Amino acid sequence: TRLCLLLSVAASYYIYLPLPSTITEPWKLMLLDAVFRCMMHGNLIQDLGLCHHVRVLNFVVSVLELRGPRSSEFVRVTDTSFSGVPARVFESIAPGPERLKRGVIYFHGGGWALGRMRSYDLLCRKMAEELDAVIISVDYKLAPDAHFPEQYDDALSACRHILKAEVLASLSMDPERVAVSGDSAGGNLAAALAVDTSVSVRLKAQALVYPVLQALDFNTPSYQQNSDVPILYRPLMARFWLEYLSGDLSLVPYLLANNHTALDQSQEAEEAWAKVNWTRLLAPTFHKHYKPVVPRQGTPRLLEQLPGLLDVRAAPLLAEGGVLEKVPPAYILTCEHDVLRDDGLMYAQRLEEAGVAVTSDHYEEGFHGCMVFAFWPVCFSVGKRSLRNYISWLEQNL
């Protein structure tokens, strides 16, 4: 009995986190975060030189989460590839006359490193059924086995192939109703494709769910406010960026201090900084009491080591206004308790300034990843509500 009591106290201590009062299901989020933190203990295996911690995480995901393609009465599910990039296709097979369907090319989240989880299959299946659509979930390469621009190149190759007339016809997809979409790192890839003129002219819409769009400022108000809010902690986002850009993880503290955009850095960095200037791009209500962090002196040659920080393919928020004015209409979902909140809000503002139609969908009780947690056994009320609104926007705009 005493042992059980001690174990219960230890478990409670590990699970409990002080959370903002506006999060409506705090204990559920604490439990979810505890599971993620347990999975992140793969770092110990990496420290022992046995295996990269991301490979450990993906092994766990593959054992617990991955399922083969399973069709149902309403959705046909098949595995295939486009230009050599693996993908899973979810096709609505609702009764009725043959017709061209709307299509969504979807990129899953996971910091460009974690593989597609079961919740993404549930998401794509629900989208296909409710939208009477063809949803293509693209399995791009992952870090640490691939680094920028390989993930982007996979996304671009797959998207270009899917948009070929003969491929669209084979999938009964309407060439006038195709969108790109994704969440988190997948939202990054979707936004990057939308600013690529070889693709954007063929797209009707882009739907970005708490996207990561820049790595020049790790001290926006949302990064400062939500540094310790699950499930995406500020240092973890910096680690994901370094994994993506093939950087040394010892650089995390320098990124978090904004040393790469200090006043003594390059002219190119100064010009890019203007495009992430949150004091101009964010509404005052999101400024709160936070101040910009712009060091006078930075870390020498940091931008030379990580050139992807200034590459629009990695950071779509840095695109020129003349490029942004050509992108398709956008839906951008943001969450108050998410370090990436301001990435999405700033991008929405820049798109609006470029004359692009934008729907901003903000959730005061939302946290990073909430939309994919709309299914049993990990189901949040904000997840179900945000998913419902996301699908509704696609239904009305695609």
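This is a short chat about a predicted model, covering its sheet, two residues and a recorded domain.

Reader: Start with the sheet. How many strands form it, and in what order?
Author: Eight strands form an open sheet. The order is β1-β2-β4-β3-β5-β6-β7-β8, with mixed pairing.

Reader: Which are the edge strands?
Author: β1 (75-82) and β8 (358-367). Each of them pairs on one side only.

Reader: What does the twist average from one strand to the next?
Author: It averages 20 degrees.

Reader: Do me β6 and β7. How many bridges join them, and do they run parallel or antiparallel?
Author: Four bridges join β6 (residues 205-209) to β7 (residues 330-337), and the two strands run parallel. One bridge pair is Ala 207 with Tyr 331 in β7.

Reader: Which strands does helix α18 touch?
Author: Helix α18 (residues 341-353) packs on the sheet and touches β6, β7 and β8. The helix direction makes about 145 degrees with that of β7.

Reader: Now Ile 332. Where is its place?
Author: Ile 332 sits in strand β7.

Reader: Buried or exposed?
Author: Ile 332 counts as buried because its relative accessible area is 1%, and the cut-off for buried is under 20%.

Reader: What is Ile 332 in contact with, leaving aside neighbours within four places in sequence?
Author: The contacts include Leu 208 and Pro 211. Gly 344, Tyr 347, Ala 348 and Leu 351 are also among them. So are Val 358, Thr 359, Ser 360 and Asp 361.

Reader: What separates the C-alpha atoms of Ile 332 and Tyr 347?
Author: 8.6 Å, with the two residues 15 apart along the chain.

Reader: Switching to His 260. Where is it found?
Author: His 260 lies in the loop between α12 (252-256) and α13 (267-273).

Reader: A loop residue, then. Buried or exposed?
Author: Buried, because His 260 has a relative accessible area of 0%.

Reader: Which backbone oxygen does the His 260 side chain reach at 2.7 Å?
Author: That of Ala 215. The side chain also reaches the backbone oxygen of Leu 216, at 3.2 Å.

Reader: What else is His 260 in contact with, away from its sequence neighbours?
Author: Phe 218, Tyr 254, Leu 255 and Gln 265 are among the contacts. Leu 302, Leu 303 and Leu 309 are listed too.

Reader: Last topic. Which residues does UniProt list for the domain?
Author: An unreviewed UniProt entry lists 104-253 and 309-371 for "domain: Alpha/beta hydrolase fold-3".

Reader: How much helix and strand is in residues 104-253?
Author: 43% helix and 17% strand, with the end C-alpha atoms 38 Å apart. Residues 309-371 are 27% helix and 29% strand, with the end C-alpha atoms 27 Å apart.

Notes:
Residues numbered from 1 in each chain as written. Predicted model: local features only at pLDDT ≥ 70, side-chain atom pairs only at ≥ 80, totals over all residues. Heavy atoms only, no water. Buried < 20%, exposed > 50% of the residue type's maximum accessible area, 1.4 Å probe, protein only. Polar contact = N/O pair within 3.5 Å; in protein donor to acceptor, adjacent residues only side chain to side chain. Contact = heavy atoms within 4.5 Å. Pairing = 2+ DSSP bridges. Axes fitted to C-alpha atoms, helices over the stretch in contact; angles between N-to-C directions. UniProt positions renumbered as here; feature names shortened; annotations may be inferred.
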